[in-house]
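Subject: Structure handover

Hello,

Here is the structure I promised to pass on. Please open it before you read further; my notes come after it.

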Amino acid sequence: MEPALGRWRWYWGIWGLMGLYMATWDMVMYPAESFLRLLGMNLLQNAVWALAGLFLIRLADRHPIESFAWGQWRAWVLHLLASVLVAILGLFLAYLISLVMEGRGKPLDMAMIRKGLPRFYRAYFHTNLLFMWAVVAAFHGLRIYRKYQAREVEAARLEARFAEARNQALRMQLQPHFLFNTLNSISALVHTDPDGADDMISRLGDFLRMTLEATPDQMVPLWKELAFIQAYLSIEQVRFQGRLRVEVDAPATVQDLRVPSFILQPLVENALKHGLSDRSRGGTLRLRAARDSEHLALEVQDDGKGFQPGGEGVGLGNVRARLGLIYKGLYRLDILGAPGRGTLVALRLPLGDASGAAP
């Protein structure tokens, strides 16, 4: 309601300013006349033209000009004829106003009207017709702007939905990948360590229950993401049979910061699979979280055989794709490592959620 009221204030305000401008023009042409009388006359005349313009706006609303195509010729002709007729009528009424105010209450006669009307039309018709065209053009300009805004909003909504759908698809791609690897590990333990396989199945059940109960939110608090990772690592520690040591350094000041859900699991899985699983003595996996004024830093580090260039698989590819969708390039993912010296995967994420809101 308020924006519509504001637009009408603009409409009447512009016509009022036109009346003031024309009064100053008349004052220059007729310096002996009273400025207040000229101002009143011009304001009344512009009020008449403003009312006539409302008819053109109503007509344009019902029969808008959609394009410059030849098929729109009827709408163009309709508005051309309507603006000419409105200009003629508006000028006639404006002429009567000028006669009444110049006559100072004296009765009008047809001879007086016929005498000056042709000259009045010759002097002001083209200017008034231009005013009417300006009204029609302004209406269509505002209409096009509204349609553009609506399309921009709809395009933004579609883009957000598409990004969320892709993000969800990437998340779902990780789950069967992890489940397949875990079942392989259980299969390997069934004959060599039945108790370990049974323990692993129990922990897998707890892990899957946690996964199913998780909300589909794109962003979650860091403490929830770490709880998920610890459930995952409890499964892997059974498979490593005491060869895996886990260190987590995440102070309380960062626990409530929001991160993309399931973003650490593929990084941890890569560290175990490519860095530590083939080592007979196992190794240490370190998870660290820290923040500065603008970013949250997450690190996954192992002391295994070291990252080999070109070794990125499905997990890392999905992590990059999801971060690109969520943060639109405002993130960093660095992989550092050397043969025999372990691997460090470092994430640097903007503080806040996917919408860019501060935490």
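Below is what I found, from the overall picture down to single residues.

First, a caution. This is a predicted model. The mean pLDDT of the protein is 78. Of its residues, 83% reach 70 or more. The weak spot to know about is residues 354-359, where pLDDT stays under 50. The model has nine contacts beyond four places in sequence for that stretch. Where pLDDT is low, the predicted coordinates should not be read in detail.

Now the overall picture. The protein has 359 residues, and 40% of them count as buried. It holds eight helices and seven strands. The accessible surface is about 20,900 Å². Carbon and sulfur atoms account for 63% of that surface. Take the contacts between residues at least 6 apart in sequence: 72% of them join residues at least 24 apart.

Next, the cores. The largest nonpolar core has 49 residues. Leu233, Val268, Leu272, Leu298 and Leu323 touch the most other members. Helix H6, residues 222-240, gives this core its largest share, with 10 residues. Another core lies apart from it and has 31 residues. Leu38, Leu91, Ala94 and Met132 are among its members.

Helix H7 deserves a look of its own. It runs over residues 265-276, 12 in total. From first C-alpha to last, H7 reaches 15 Å, close to the 16 Å expected at 1.5 Å a residue. Is H7 largely enclosed or not? It is: 10 of its 12 residues are buried, so the rest of the structure largely encloses the helix. The buried residues include Gln265, Glu269 and Asn270 as well as Pro266, Leu267 and Gly275. Val268 and Leu272 are also on the buried list, and both are among the residues with the most partners in the largest core.

What does Leu272 touch, leaving aside its neighbours within four places in sequence? The contacts are Tyr232, Leu233, Glu236, Phe240, Leu244, Ser277 and Leu285. Leu233 is another of the residues that touch the most other core members.

Last, a contrast on helix H2. This helix spans residues 35-62 and contains Leu51. Is Leu51 buried or exposed? Its relative accessibility is 52%, so Leu51 counts as exposed; the cut-off for that is over 50%. Val86 is 35 residues away from Leu51 along the chain. The C-alpha atoms of the two are separated by 10.0 Å.

Best wishes

Key:
Residues numbered from 1 in each chain as written. Predicted model: local features only at pLDDT ≥ 70, side-chain atom pairs only at ≥ 80, totals over all residues. Heavy atoms only, no water. Helix = DSSP H or I, 4+ residues; strand = E, 2+ residues; numbered from the N terminus. Expected span 1.5 Å × (residues − 1). Buried < 20%, exposed > 50% of the residue type's maximum accessible area, 1.4 Å probe, protein only. Contact = heavy atoms within 4.5 Å. Areas by Shrake-Rupley, 256 points an atom, 1.4 Å probe, with all protein chains shown as cover. Core = buried A, V, L, I, M, F, W, Y, C linked by side-chain atoms within 4.5 Å. pLDDT = per-residue confidence, 0-100.
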